[in-house]
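Dear colleague,

I am handing over to you the structure shown below. An account of what was found in it follows, arranged by topic.

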Amino acid sequence: MTGFFAIILRELRTGLRHLSDISAVLAFFALVATLFAFGVGPRTLGDLAGGVLWTAALLAAMLSLDRLFQPDHDDGGLVLLILSPVPLELVVLAKVIAHWLTAGVPILVLAPLLGLALQLPEGSLPGLLTGMALGTPILSLLGALGAALVLGARRAGVLTALLILPLVIPVLIFGVAATDPANGAAPVLFLAAMLLGALALCPWATAAALRQSVL
Amino acid sequence: MTAGEAPLFRGEDIACRRGGHELFHGVGFALWPGDALLLTGPNGSGKTSLLQVMAGLRTPSAGRLDWQGRDIRDDLAAHAGRLHHIGHRTGSRAILTAREDLLFWSRVRAPVSRQRCLLALARFDLLHLRDLPVQALSSGQQRRLALARLLAAPADIWLLDEPAVGLDLSGLASLEAAVARHRRSGGLVVIATHTPVELDNPVRGLELDRASGQVPEHGS
């Protein structure tokens with residue numbers, strides 16, 4: 001377990017020293033949401049706010065995926081991680097946790113503020129936050145799989161987005177549904193189920209993709 | 001030597017393909033506690049690939065490798081846990097300090113104390129640079145930092161791929177001293193190098209020849 005926490009600590013440390021990466025994700029999130037606000041106009045904005053915030057959050061999260069495995073792939077650290085006694089699935093999980101803490105959580109924190117700016121209906125905020133709290137880890141898990149699959153490819157960033165965005169459509173659908181209080185708890189439960197499913201499958205698939213990428 | 005006992009780490013009739021053509025075939029080795037194996041051969045003869053095969057990273061196209069008589073493929077995770085692999089690229093994050101980097105790569109392997117890491121840094125003459133980010137170190141210093149991992153976290157087998165590249169004389173001396181200590185305590189070392197590295201006798205040699213891939217084994 002020492003190894004598992006050492007990986008989380010190292011990723012957090014690296015993430016916090018590259019603060020520009022985190023702020024770029026947040027700035028992109030805010031910008032996309034603002035573009036929608038200008039594009040849609042004030043009358044229908046409130047109804048769309050949930051969907052706009054979710055779409056912007058998904059796109060912003062895509063920006064941060066290339067720092068998951070690419071640095072280790074480039075500097076040879078990936079080989080060392082594969083050769084470490086920590087099972088590669090746990091290595092992946094540690095990196096996903098660190099990624100969520102440095103990308104998902106900041107998005108989660110900024111979302112209510114942007115919600116205010118987009119005239120998100122008052123009763124929608126708890127649903128939005130619960131949904132995002134469950135949805136952003138799914139993004140990190142699926143994103144890790146995408147990032148691992150495209151390691152070593154040219155234009156990897158675009159490829160990751162093309163691979164992952166279709167897969168997160170269900171997250172988007174249930175996430176937006178969760179912002180409407182009339183839907184009750186069902187969408188949140190679906191998101192929770194998807195999170196558990198991703199948690200059970202993604203680390204293994206990602207580890208297999210990583211093993212392929214080093215030789 | 002210890003003729004009666006079975007070897008600790010043995011490879012038999014190993015062949016390796018890469019990119020569709022055969023790099024070598026029929027390669028074998030047998031190592032007892034304290035042994036050193038020197039891999040030599042021209043560029044492209046497969047020294048790095050053989051080291052990766054020994055580490056369990058690369059699957060050989062033929063042959064088998066045993067640790068204490070058991071195939072390493074039976075438990076690759078356990079095999080990874082008993083070896084250090086120092087390759088061409090060191091895996092150090094540019095933005096972390098030397099101490100953080102060493103502590104990380106050691107703790108991934110074992111619950112190592114800070115004290116032990118500092119000692120390893122001192123052995124490779126990096127103690128005064130410990131709080132500098134890796135990107136501020138020269139390539140030789142980064143190489144020393146990678147080698148310090150050998151001392152910080154213990155492992156039975158050291159697989160060293162051109163460990164002396166970029167090292168100055170004192171760095172080379174530190175490496176040689178570390179290898180000698182490791183062997184005295186019963187560890188195994190496999191080194192692929194073009195730079196002469198002074199090793200205590202006996203040294204086993206394994207020459208990879210691009211043409212035949214055949215290997216004369218000799219103690220010297």
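**The hairpin and sheet of chain B**

In chain B, Arg18(B) stands opposite His21(B), a residue of strand S2(B). Please note at the outset that this is a predicted model. The two strands of this hairpin are S1 (residues 9-18) and S2 (residues 21-31) of chain B, which pair in the antiparallel sense over seven bridges. Two residues lie between the strands of the hairpin, and Gly19(B) takes a positive phi near 60 degrees there.

The hairpin belongs to an open sheet of four strands in chain B, whose order is S2-S1-S4-S5 with antiparallel pairing. Its edge strands are S2 and S5 (70-71) of chain B, each of which pairs on one side only. As a general remark, strands of a sheet pair through backbone hydrogen bonds, in either a parallel or an antiparallel manner. Strand S4 (residues 62-67) of chain B is joined to S5(B) over two bridges, again in the antiparallel sense. Within this pair, Trp67(B) has Arg70(B) of S5(B) as its bridge partner.

**The interface of chain B and chain A**

How many residues of each chain are in contact across the interface? On the side of chain B there are 24, and they are in contact with 28 residues of chain A. Between them the two chains bury an area of about 2,400 Å², and carbon and sulfur atoms give 64% of this area. Leu57(B), Arg93(B) and Ile95(B) together supply 29% of the area that chain B buries against chain A, which is more than any other three residues.

Four salt bridges are found across the interface of chain B and chain A. Arg13(A) forms a salt bridge with Glu100(B), and the closest N and O atoms are 3.5 Å apart. Eleven residue pairs are in polar contact across the interface, both residues being at pLDDT 80 or more.

The elements of chain B that give two or more residues to the side touching chain A are helix H1 (47-55), helix H2 (76-81), strand S6 (83-86) and helix H3 (98-107). H3(B) gives the most to this side, with four residues. By class, the side of chain B that touches chain A has ten nonpolar, seven polar and seven charged residues.

**Helix H3 of chain B**

Is H3(B) largely enclosed or largely open? Eight of its ten residues are buried, so H3(B) is largely enclosed by the rest of the structure. The buried residues are Ala98(B), Glu100(B), Asp101(B), Leu102(B), Leu103(B), Phe104(B), Trp105(B) and Ser106(B). Glu100(B) is thus both one of these buried residues and the salt-bridge partner of Arg13(A). In chain A, the buried residues of H3(B) pack against helix H1 (2-17) and helix H5 (77-82), and in chain B they pack against H4 and H5.

**Loop residues of chain B**

Two residues other than glycine have a positive phi. Asp125(B) has a phi near 60 degrees and lies in the loop between helix H4 (114-123) and H5 of chain B. Its relative accessibility is 45%, so Asp125(B) counts as partly exposed. Glu162(B) has a phi of about 45 degrees and is placed in the loop between S7 and helix H6 (169-184) of chain B. With a relative accessibility of 11%, which is under the 20% cut-off, Glu162(B) counts as buried.

Asp156(B) is found in the loop between helix H5 (139-152) and strand S7 (157-161) of chain B. At 39% relative accessibility, Asp156(B) counts as partly exposed. Leaving aside neighbours within four places in sequence, Asp156(B) is in contact with Trp67(B), Arg82(B), His182(B), Gly187(B) and Leu188(B). Asp156(B) and Ser185(B) are 29 residues apart along the chain, and 9.5 Å separates their C-alpha atoms.

**A buried threonine in chain A**

Thr102(A) is found in helix H6 (residues 88-117) of chain A. Its relative accessibility is 7%, so Thr102(A) counts as buried. Not counting residues up to four places away in sequence, Thr102(A) touches Leu12(A), Ile22(A) and Arg67(A). With Arg67(A) there is also a polar contact between the two side chains, at 2.9 Å from Thr102(A).

Yours faithfully

Terms used. Residues are numbered from 1 along each chain as its sequence is written. Chains are lettered from A and ligands numbered from 1 in the order in which they are written. This is a predicted model: local features need pLDDT of at least 70, side-chain atom pairs count only at pLDDT 80 or more; totals for chains, interfaces and linings use all residues. Side-chain values use heavy atoms; hydrogens and water are left out. Contact means heavy atoms within 4.5 Å. Buried area is the accessible area (1.4 Å probe) that two parts lose on being put together, summed over both. A salt bridge is a side-chain nitrogen of Lys or Arg within 4 Å of a carboxyl oxygen of Asp or Glu. A polar contact is a pair of N or O atoms within 3.5 Å; within protein, one must be able to donate a hydrogen and the other to accept it, and residues adjacent in sequence count only if both atoms are side-chain atoms. Ala, Val, Leu, Ile, Met, Phe, Trp, Tyr, Cys and Pro count as nonpolar, Asp, Glu, Lys and Arg as charged, and the others, Gly among them, as polar. Two strands pair if DSSP finds at least two bridges between them. Buried means under 20% relative accessible area, exposed over 50%, partly exposed in between (1.4 Å probe, protein chains only).
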